[in-house]
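Here is a short tour of one protein model, written for someone new to reading structures. Take a moment to turn it around before you read on.

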Amino acid sequence: MAKHRIFTTSFASVYPHYVVKAEKKGRTKEELDTIIEWLTGYDRKMLQQHIDQKTDFENFFDQARINPNVSKITGVICGYRVEEIEDPLMQKIRYLDKLVDELAKGKAMEKILRD
């Protein structure tokens, strides 16, 4: 079976869309980076390296230390319940999408970060 196209897409090509989505709703790039760092375990420097190196989503998440509270992310994104997505990589990508959506919808950072 062929890999899903998003797996080989560079994180750097999608990241600006996340920034625009957040900023259009009055949120900041710093808040976006904070939720990405919470999910992946990257710090700002590591996150920027992945952007600069145009790391694809597969490697971006392979190298991440996924937050142990990730199972607290629930709900629907792109028509699928994130907690029911079977492919582990797709689930991580959708977790990120869900967090970005919550940020854009004005959810409080404390609730988004689920600690």
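## A first question

Which residue takes a positive phi just after helix 2? Look at G41: its phi is about 85 degrees, and G41 comes just after helix 2. Keep in mind that this is a predicted model.

Helix 3 has a similar story to tell at its end. It is followed by K54, whose phi is also positive, near 55 degrees.

## Helix 2 and its neighbours

Helix 2 covers residues 29–40, and its length is easy to check. At 1.5 Å a residue, its 12 residues should span 16 Å, and the end C-alpha atoms are indeed 16 Å apart, so the two values agree.

Many names appear on the buried list for helix 2: L32, D33, I35, I36, E37, W38, L39 and T40. These buried residues pack against helix 1, helix 3, helix 4, helix 5 and helix 6. Try following I35 as an example: leaving out residues up to four places away in sequence, I35 touches L99, V100, L103, M109, I112 and L113.

## Helix 3, a helix with a buried face

Now move to helix 3, which runs over residues 44–52. Its N-terminal end is capped by D43, which places a side-chain oxygen 3.2 Å from the backbone nitrogen of K45.

The buried residues of helix 3 are L47, H50 and I51. Looking down the helix axis, you would find them within an arc of 100 degrees, so they line one face of helix 3. They pack against helix 1, helix 2 and helix 4. On the face turned away from this buried side sit the exposed residues K45 and D52.

## Aromatic rings

Next, have a look at the rings. The model holds 8 aromatic pairs. One of them joins F11 and F60, which are stacked, with 4.1 Å from centre to centre and 5 degrees between the planes. This pair links distant parts of the chain: F11 belongs to helix 1 (residues 11–24) and F60 to helix 4 (residues 57–62), 49 residues apart. How buried is F11? F11 has a relative accessible area of 0%, so it counts as buried, and F60 also has 0%.

F60 has another partner in F57. Their ring centres lie 6.5 Å apart with the planes at 75 degrees, so this pair is edge-to-face. F57 and F60 are 3 residues apart in helix 4, which means that about one helical turn separates them. Both F57 and F60 are buried. Ring pairs go on to link F11, Y15, Y18, Y42, F57, F60 and F61 into a cluster.

## The nonpolar core

How many residues does the largest nonpolar core have? It has 36, and those with the most contacts inside it are F11, L32, I35, L39 and L96. Helix 1, helix 2, helix 3, helix 4, helix 5 and helix 6 each supply at least two residues of this core. Helix 5 gives the most, with 8 residues.

## A buried aspartate

Finally, find D101 in helix 5 (residues 88–104). Is D101 buried or exposed? Its relative accessibility is 16%, and since buried means under 20%, D101 counts as buried. Leaving aside neighbours within four places in sequence, D101 is in contact with K21 and I77.

Note on methods. Residues numbered from 1 in each chain as written. Predicted model: local features only at pLDDT ≥ 70, side-chain atom pairs only at ≥ 80, totals over all residues. Heavy atoms only, no water. Helix = DSSP H or I, 4+ residues; strand = E, 2+ residues; numbered from the N terminus. Buried < 20%, exposed > 50% of the residue type's maximum accessible area, 1.4 Å probe, protein only. Contact = heavy atoms within 4.5 Å. Phe/Tyr/Trp six-rings, centres within 6.5 Å; stacked < 30°, edge-to-face > 60°. Expected span 1.5 Å × (residues − 1). Arc of directions from axis to C-beta. Polar contact = N/O pair within 3.5 Å; in protein donor to acceptor, adjacent residues only side chain to side chain. Core = buried A, V, L, I, M, F, W, Y, C linked by side-chain atoms within 4.5 Å.
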